[in-house]
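Thanks for sharing this one. Here are a few friendly notes on how some of the helices are built and how they pack.

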Amino acid sequence: MSVLVATEPRLRPQRTDWAGLAFAMALLLCLLTCFAFLAALLSQVFADGWGTLADRGTEFLTSELSTSPRRSGVAQAIKGSLLLAGFVAVVAFPLGIATAVYLEEYAKNTRVTRLMRLNIRNLAGVPSVVYGLLGLTVFVQLLGTDMAGGEGITGGRSLLAGGLTLSILVLPVVIITASESLAAVPSVLREGAYGLGATQWEVVRTVAVPNAIPGILTGTVLALSRALGETAPLILTGAFLGNFFRTPDQSVIETFRGDYTALPMVIYNWAGEAKKEFKLELAPAAIIVLLAITLLCNAGAVILRTRFERSE
Amino acid sequence: MAALVIDDNSLTGSARRRRKERIVRRAFLCAGLSSMAISVAIVLSLLGKSIGFLRNIDLNTLTDAGWYPRLGKFDLSTLFIGSLIVTGIAMIIATPLGLGAATYLAEYANPRTRKILKPMLEILAGIPSIVLGFFAFRWIAPNVVQNLNADAGLFSLLSAGIGVGVLVTPLVASVTEDALRAVPRTLREASYGIGARKVTTTLRVVFPAAVSGIVASLILAASRAIGETMVVALAAGGSGGAVFTTDPFQEGQTITAAMASLASGTDSIAGGGGKGAGAAFSSLFFLGLLLFLITLLLNFIGDRFVARVREKY
């Protein structure tokens with residue numbers, strides 16, 4: 001002990017480590033610059049858009065598109081975005097989770113399985129605009145017209161075509177996050193269930209998936225918020241771009257096979273308008289609405305995750 | 001022994017249970033195969049129309065100056081240079097910011113600050129690209145670009161590039177941070193043990209150990225930047241066409257922005273058939289194919305580097 005005390009002053013750095021301090025400050029500066037961009041973005045959007053939202057209140061949310069900026073609202077856009085998100089949830093999540101279950105629980109480590117994994121990782125990196133082209137070819141053109149040249153199953157540039165395209169777009173993200181959370185379930189749990197005589201499907205249904213649910217949910221909700229913000233694939237699959245848009249009373253099937261638009265499309269349209277009211281007031285107001293919805297979505301993910309984790 | 005044989009038979013369970021097992025297994029296999037089908041569908045849908053495009057046009061128009069698809073000018077170099085400039089600027093922004101932020105979070109921040117700072121970075125990652133496009137022409141252009149060059153207009157490749165840079169910074173940060181945190185603690189302790197300072201440990205020990213992951217993060221970010229559409233479509237100008245330019249202060253177009261403007265143009269070719277079913281329409285698929293191949297190559301290389309990090313530790 002006395003030896004340690006004797007040598008201690010020599011161990012202590014003699015001078016302040018200015019270089020080290022400068023390095024740490026530079027790193028912190030990088031992080032703070034990121035936040036500065038975030039702050040600038042949010043304050044600019046709110047400075048531009050809040051006036052419209054505050055003046056018009058819910059009337060902005062319930063008005064339909066119009067050529068007059070004073071009457072134009074985001075009603076159809078919100079409806080379209082929510083329908084698209086719901087559609088993605090119904091199509092992409094079961095398919096994505098099923099794929100993840102196959103890869104993690106059923107597939108053996110063969111060449112085909114490795115190819116499937118590689119393929120999914122690559123799909124996750126394909127730009128969204130390319131998915132738009134896929135949707136245009138398959139869902140708008142191929143399935144959108146029948147042999148005689150009339151309307152096909154999807155009805156051409158329809159909500160159905162856009163929804164299917166977005167579902168395929170987020171599928172790799174859902175698969176990857178679900179796979180990761182399934183892989184994190186300890187194999188002892190599975191072995192315990194097998195020991196009790198459960199079949200593989202029973203193990204998947206009662207042990208593997210329920211234990212992986214917090215991770216799966218988080219991943220899927222994040223995928224949903226990504227789908228809500230995507231624009232490029234919707235442009236290509238014919239989401240409505242303009243200020244006239246009529247949706248007469250429709251049945252559910254007609255709605256899905258009919259014209260549609262979505263919040264990001266309306267933002268893209270307004271931001272490209274020549275009229276200042278559209279470009280600099282309505283577009284940012286719609287951005288606030290979009291940010292609010294995606295943020296709610298992400299907050300929902302966090303709440304769901306903590307609730308599931310606590311109940312365990 | 002005989003008893004065991006009989007038991008063995010009963011151990012396989014009821015025939016119904018086994019049949020159900022087989023059906024479920026096949027259903028999951030079908031789900032797994034659907035992702036392969038998607039890849040095949042992407043390649044087929046791009047390839048078919050691209051070949052049609054190359055057959056229908058005069059190949060000299062691929063090198064004519066300027067990209068004006070509706071006038072029959074399909075100069076690829078205009079778009080390639082545009083994409084290169086935007087991606088280059090984005091990487092100049094995202095590399096220091098992303099690496100710096102990741103290093104701070106992984107090596108310097110204490111757990112409590114990290115718990116606050118990391119979600120804020122994730123918020124930035126969750127901002128839709130269309131919003132960053134608006135931000136690029138509304139805030140970056142007047143406050144950054146026009147400060148550098150007063151002659152620059154509201155729309156320029158530079159403001160689009162900075163916007164894309166802000167967009168991919170969280171990606172660089174998150175992949176790099178994972179790589180840094182995967183470096184075993186023992187390496188750092190050994191470095192401290194021989195008297196190295198924190199900065200030396202970070203730069204000479206942790207960084208080299210995590211280099212594959214860092215390279216991967218940059219490659220994946222570059223691939224994402226090349227494929228980014230909406231920021232460029234809103235902020236770079238040049239809708240409808242663009243002259244050849246290497247000046248980032250000018251308006252310009254990238255591969256992706258050209259696709260967006262083709263699809264949202266006045267003759268609304270997204271409807272398919274009809275008015276737009278000309279060379280301009282099929283050029284969309286040719287560009288899509290090029291983009292797909294470029295990002296596929298980059299993702300494949302990036303993936304290799306990520307796999308190397310996993311193998312090592």
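Where in α4(A) does a kink lie? The points below start there; please keep in mind that this is a predicted model.

1. The kink in α4(A) lies at A92(A) and amounts to about 30°. If you follow the chain onward from there, the proline P94(A) comes shortly after the kink.

2. Helix α4 of chain A covers residues 75-106, which gives it 32 residues. From its first C-alpha to its last, α4(A) reaches 45 Å. That is close to the 46 Å expected at 1.5 Å a residue.

3. Still in chain A, α4(A) packs with helix α7 (residues 159-183): their axes come within 6 Å and cross at roughly 40°. Angles from 35 to 65 degrees fall outside the parallel and perpendicular classes, and α4(A) and α7(A) are therefore oblique to each other. Their crossing is right-handed. Sorted by class, the residues of this contact are 23 nonpolar, seven polar and two charged.

4. Turning to chain B, helix α3 (residues 76-108) packs with α6(B) at an angle of about 35°, and the two axes are 5 Å apart. The crossing of α3(B) and α6(B) is right-handed. The contact of α3(B) with α6(B) is made up of 20 nonpolar, seven polar and three charged residues.

5. Helix α6 of chain B (residues 157-181) also packs with helix α9 of chain B (residues 211-227), here at an angle of about 155° with the axes 8 Å apart. Since angles over 145 degrees count as roughly antiparallel, that makes α6(B) roughly antiparallel to α9(B). As it passes α9(B), α6(B) makes a right-handed crossing.

6. If you would like to look at the residues themselves, the α6(B) side of this contact includes V164(B), L167(B), V168(B), L171(B) and V172(B). Further along α6(B), V175(B), T176(B), A179(B) and L180(B) take part as well. On the α9(B) side they meet G213(B), I214(B), S217(B), L218(B), L220(B), A221(B), R224(B) and A225(B). Taken together, the residues of the contact of α6(B) with α9(B) divide into 13 nonpolar, three polar and one charged.

Key. Residues numbered from 1 in each chain as written. Chains lettered and ligands numbered in written order. Predicted model: local features only at pLDDT ≥ 70, side-chain atom pairs only at ≥ 80, totals over all residues. Heavy atoms only, no water. Axes fitted to C-alpha atoms, helices over the stretch in contact; angles between N-to-C directions. Helix = DSSP H or I, 4+ residues; strand = E, 2+ residues; numbered from the N terminus. Parallel < 35°, antiparallel > 145°, perpendicular 65-115°, else oblique. Left-handed = near helix turned anticlockwise from the far one by under 90°. Contact = heavy atoms within 4.5 Å. Nonpolar A, V, L, I, M, F, W, Y, C, P; charged D, E, K, R; others polar. Expected span 1.5 Å × (residues − 1). Bend = angle between axes of the 7 residues up to and from the residue.
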